[in-house]
Amino acid sequence: MHLQLNKNEIAEIKRLCALSEKKGRLTPALLNIIYQKKLFKLFVPKEQGGLALSLPDALQLEEQLATIDGSLAWTVTLCSGANFFVGFMDQQKIGQLFYATKICMGGSGAATGIAEQTKEGYVVTGNWKYATGTPHLTHFTANCIIQQNGKPVLKEDGTALIRSFYFKRSEITIHHEWNAMGLKATASHSYSVNKLNVKAARSFLIDAAHATLKHPIYSYPFMPLAETTLAVNTLGITQHLLHESAVVFAQKQLNSVAFQQADAALQTARQKISKMRTAFYNIVEQSWNELISKKKISVKTTRQISSVSRQLVKLCRKHATEVYPYCGLASTAETSTLNRVFRDLFTASQHALLTYKQ
């Protein structure tokens with residue numbers, strides 16, 4: 001899957017991304033391009049105005065976006081990931097919700113809310129961090145621990161039952177706490193609700209067994225889907241960093257010895273990352289074919305995806321830190337593109353999903 005963009009369009013998007021960085025949010029003009037290209041609807045059915053992509057196609061598209069700009073790709077990834085939840089909602093109850101051109105869900109995967117069961121639904125209280133795209137989200141998603149009479153509802157294995165919810169923008173309070181060094185335009189602020197009455201129809205379970213739509217993507221296990229989509233963001237941002245580094249090397253007119261060292265680090269980075277990228281897409285393609293042919297993905301394949309995703313991110317971080325020092329003091333200026341890419345990379349790759357072994 002390739003972005004249908006010409007050189008002029010890419011140049012304009014880069015200009016808008018630089019402006020978004022300064023404003024701390026995606027600009028209206030950049031959002032309009034996203035809506036036109038249906039980039040928040042990567043996994044929404046075509047009949048609901050989406051692209052209905054396979055996972056391999058979606059990952060390639062997200063990687064391409066990340067080579068253009070980290071905040072752009074991260075926002076598309078996280079918001080399309082939240083819109084993906086359409087496949088687990090009651091289709092009769094949500095009606096025309098996802099048909100809207102500018103529908104954009106977003107939120108947090110952390111279960112930092114409590115939902116007390118009632119006759120009509122739930123009373124929800126909670127505070128969640130890092131909701132990417134808060135300025136333009138139409139709905140906020142959140143995970144909550146389910147309680148009944150003040151006590152956690154337990155599953156058969158004895159663990160607490162966690163369900164997902166979505167709230168209307170008018171129902172939540174945004175807390176402007178996003179002060180990360182990178183991915184500034186993602187505006188990933190916190191949000192909260194307090195004793196909010198939510199109907200049962202606005203609660204759902206993100207699990208293949210509870211999918212309400214038939215597209216294969218909704219049968220793909222959520223954890224490897226999340227791991228792979230985040231990994232390609234780090235991959236794309238790293239490729240952008242290597243490209244910008246090459247531009248700097250050419251401009252600096254390094255002496256022969258210094259250039260040889262810098263160029264050697266750059267070429268090694270490209271070769272090693274390219275090799276790992278191939279391994280990554282091979283296992284993703286294998287998993288998708290497995291899903292189509294066998295209706296499920298084996299535990300072995302799931303573990304391989306998790307392992308390769310982490311290896312890819314670790315390798316990208318390693319080579320970024322080996323190449324960046326050759327770029328000189330000018331690349332540390334916050335106004336430089338290279339510095340922004342570096343900050344984006346080491347913000348995106350901090351995500352716990354890709355840092356710690358599960």
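The following paragraphs describe the pockets, the cavities, one buried histidine and two strand pairings of a predicted model.

Residues are numbered from 1 along each chain as its sequence is written, and side-chain values use heavy atoms, with hydrogens and water left out. Because the model is predicted, local features need pLDDT of at least 70 and side-chain atom pairs count only at pLDDT 80 or more, whereas totals for chains, interfaces and linings use all residues.

Open and enclosed spaces were computed on a 1 Å grid over the protein atoms alone. A pocket is an open set of points with protein on both sides within 12 Å along at least five of seven lines, a cavity is a set where a 1.4 Å probe fits but cannot get out, and lining residues have an atom within 4 Å of a point. Grid points are joined across faces, edges and corners, and a volume is the space filled by probe spheres set on the points. The largest pocket holds about 1300 Å³. Its lining comprises 49 residues, of which Ser-108, Gly-109, Ala-110, Asn-143 and Phe-222 are the closest to the centre. Several helices and strands (DSSP runs of H or I with at least four residues and of E with at least two, numbered from the N terminus) each supply at least two lining residues, among them strand E3 (121-131), strand E4 (139-148) and helix H6 (222-252). The greatest contribution, seven residues, comes from H4. By class, the lining of the largest pocket contains 27 nonpolar, 17 polar and five charged residues, where Ala, Val, Leu, Ile, Met, Phe, Trp, Tyr, Cys and Pro count as nonpolar, Asp, Glu, Lys and Arg as charged, and the others, Gly among them, as polar.

The second largest pocket has a volume of about 260 Å³. It is lined by 14 residues, and those closest to its centre are Ala-208, Ser-219, Tyr-220, Pro-221 and Phe-222. Nine of the residues in this lining are nonpolar, two are polar and three are charged.

Two cavities of 30 Å³ or more were found. The largest cavity encloses about 60 Å³, and its lining residues include Leu-3, Ile-13, Lys-37 and Leu-72. Helix H2 (residues 28-37) gives the most to this lining, with four residues. Nine of the lining residues are nonpolar, none is polar and one is charged. The second largest cavity has a volume of about 40 Å³. Among the residues that line the second largest cavity are Asp-69, His-240, Arg-340 and Asp-344. H9 supplies the most, with three residues, and the lining has four nonpolar, two polar and three charged residues.

His-136 is located in the loop between E3 and E4. This histidine is classed as buried because its relative accessible area is 10% (buried, under 20%; exposed, over 50%; partly exposed, in between; 1.4 Å probe, protein chains only). Apart from neighbours within four places in sequence, His-136 is in contact (heavy atoms within 4.5 Å) with Leu-26, Leu-31, Tyr-35, Phe-40, Thr-75, Cys-79, Cys-104 and Arg-169.

Strands are taken to pair if DSSP finds at least two bridges between them. E3 pairs with strand E8 (residues 189-199) in the antiparallel sense over eight bridges, and Val-124 stands opposite Leu-196 in E8. Strand E7 (residues 173-175) also runs antiparallel to E8, joined by three bridges, with His-175 opposite Ser-190 in E8.
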